[in-house]
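Got the structure open in your viewer? Let's walk along the protein–DNA surface, one selection at a time.

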Number of protein chains: 2
Amino acid sequence: MTSGLRERKKLATRLALHQAALQLVAERGLDGVSVDDIAARADVSPRTFFNYFPTKDDAVVGIDASAVGQAAERFTARPAQESPVEALRAVHAQQATEMAGEPETLWPLRLRVIDEHPVLVARLHAVFGSAERALADAIAARTGTTVGADVYPTLLAAVSGTAMRTALHAWLASDFSASLPALVDEAWDALAAGLPAPRR
Amino acid sequence: MTSGLRERKKLATRLALHQAALQLVAERGLDGVSVDDIAARADVSPRTFFNYFPTKDDAVVGIDASAVGQAAERFTARPAQESPVEALRAVHAQQATEMAGEPETLWPLRLRVIDEHPVLVARLHAVFGSAERALADAIAARTGTTVGADVYPTLLAAVSGTAMRTALHAWLASDFSASLPALVDEAWDALAAGLPAPRR
DNA sequence: GCGAAACGTGCAGTCCGTGCAATGTTGCGT
DNA sequence: ACGCAACATTGCACGGACTGCACGTTTCGC
């Protein structure tokens with residue numbers, strides 16, 4: 001499937017750099033860590049670092065563009081009779097489960113580090129942003145409109161990103177004791193109801 | 001009111017730098033413009049540039065933190081019987097009117113330039129982000145919850161930012177021929193209705 | 001006016017990010 | 001097994017972003 005020694009090595013190096021970046025920044029803060037430090041811990045030359053990430057910040061966030069188109073593809077693959085919101089909820093449910101199930105500490109550490117550095121939050125937004133653009137096209141296709149003619153596709157795509165980010169943030173705030181899928185669901189419940197003031 | 005020669009000069013220099021940055025980047029693109037170029041056009045030394053903006057990108061975006069808390073304050077000032085969404089709509093309506101009425105070309109140019117550079121979009125998101133944090137607190141106060149206990153305040157604050165950004169983007173896409181307040185309203189209609197698929 | 005505080009500026013230095021060219025590794029055909 | 005072609009790693013040199021510091025100049029409150 002993944003085949004090739006080359007491919008595997010590349011993936012391994014990329015992950016090593018990402019984890020080195022995460023750990024170091026968690027210890028010393030973003031400004032206390034240089035690209036040279038990260039490269040050193042991952043056992044590659046500083047120059048090689050930039051073959052894997054265009055930016056120090058990107059190495060810390062460590063989400064590749066390939067995972068980005070995924071959401072739009074999954075959305076398109078959902079049964080046609082589902083409404084856009086229903087389809088999105090299903091996609092998010094799947095993603096949330098995957099994130100919560102990964103190497104365990106990766107996402108928590110990532111989120112903790114990102115949350116402490118506004119620059120990285122912005123970077124994360126940028127990553128989501130390109131996913132949302134693809135998603136907007138997919139939504140437009142499903143509803144028979146175009147992104148230019150109607151606000152709906154762009155709005156819904158952006159809102160879905162917001163829902164996921166909010167859930168991730170709440171997950172972090174709960175110190176990862178809450179269930180991520182449950183938080184995602186909660187967010188979508190509020191959205192689907194038109195954001196009414198919560199009863200107390 | 002604004003008093004002091006010092007204050008006025010500072011404001012003027014800040015604006016000069018921002019506009020210099022905008023124009024230059026519009027002409028040559030973000031990478032074609034150096035801080036020295038911007039400082040030169042605004043008639044200050046390169047070193048002085050950094051007394052006004054922490055970053056080249058910030059000078060291009062040019063939105064100060066003072067305008068940021070504004071949304072939360074206005075929200076809090078709304079009559080108490082309004083629901084959170086109603087109050088937010090009112091605040092956004094006012095903001096949209098102001099933006100559309102400003103020096104005319106400032107926002108259009110800003111949006112055009114920002115939209116062409118993902119890095120700047122991220123920076124804009126960061127600015128909105130701090131506004132949203134303040135807003136979340138205000139929303140929590142209004143609904144009698146706290147930001148920690150419930151997703152609602154954070155979610156609604158983030159969604160409101162999304163609504164405004166989406167409207168701004170649609171405004172840009174219409175080449176500024178559409179009415180910004182109308183676009184904002186349209187976005188909120190969809191949100192308040194729970195984001196149903198648009199009828200065709 | 002006058003002293004204190006704020007502002008503008010130059011200088012030196014660190015780090016980020018990139019193009020280029022040399023060197024080492026891997027994959028593949030024979 | 002061999003050698004060549006493709007690709008990955010690395011060092012070097014460079015331009016630009018940003019910061020701390022020190023010094024001269026301007027403005028403010030009295």
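Start with DNA strand D: 20 residues surround it, and Thr48(A), Tyr52(A), Leu5(B), Arg47(B) and Lys56(B) come nearest. Keep in mind that this is a predicted model.

Now show the strand D atoms within 4 Å of the protein: 65% of them belong to sugar or phosphate, and the rest to bases. Zoom in on Thr48(A), where a side-chain N or O atom sits 2.6 Å from a phosphate oxygen of strand D. Then click Tyr52(A); one of its polar side-chain atoms is 2.8 Å from a phosphate oxygen of that strand. For a backbone contact, pick Val35(B), which has a backbone N or O atom 3.3 Å from a phosphate oxygen of strand D.

Which helix gives the most to the surface near strand D? Colour H3(A): it supplies 4 residues. By type, the residues of this surface split into 7 nonpolar, 6 polar and 7 charged.

Next, select DNA strand C. Of the 20 residues around it, the nearest are Leu5(A), Arg47(A), Lys56(A), Thr48(B) and Tyr52(B). Of the strand C atoms within 4 Å of the protein, 61% are sugar or phosphate.

Three side chains are worth a stop here, each with an N or O atom by a phosphate oxygen of strand C: Lys9(A) at 3.1 Å, Thr48(B) at 2.8 Å and Tyr52(B) at 2.9 Å. Zoom out to the helices: H1 and H3 of chain A and H1 and H3 of chain B each give two or more residues to the surface near strand C. Finish on H3(B), which gives the most to that surface, with 4 residues.

Methods: Residues are numbered from 1 along each chain as its sequence is written. Chains are lettered from A and ligands numbered from 1 in the order in which they are written. This is a predicted model: local features need pLDDT of at least 70, side-chain atom pairs count only at pLDDT 80 or more; totals for chains, interfaces and linings use all residues. Side-chain values use heavy atoms; hydrogens and water are left out. A residue is near a molecule or strand if one of its heavy atoms lies within 4 Å of it. A polar contact is a pair of N or O atoms within 3.5 Å; within protein, one must be able to donate a hydrogen and the other to accept it, and residues adjacent in sequence count only if both atoms are side-chain atoms. Ala, Val, Leu, Ile, Met, Phe, Trp, Tyr, Cys and Pro count as nonpolar, Asp, Glu, Lys and Arg as charged, and the others, Gly among them, as polar.
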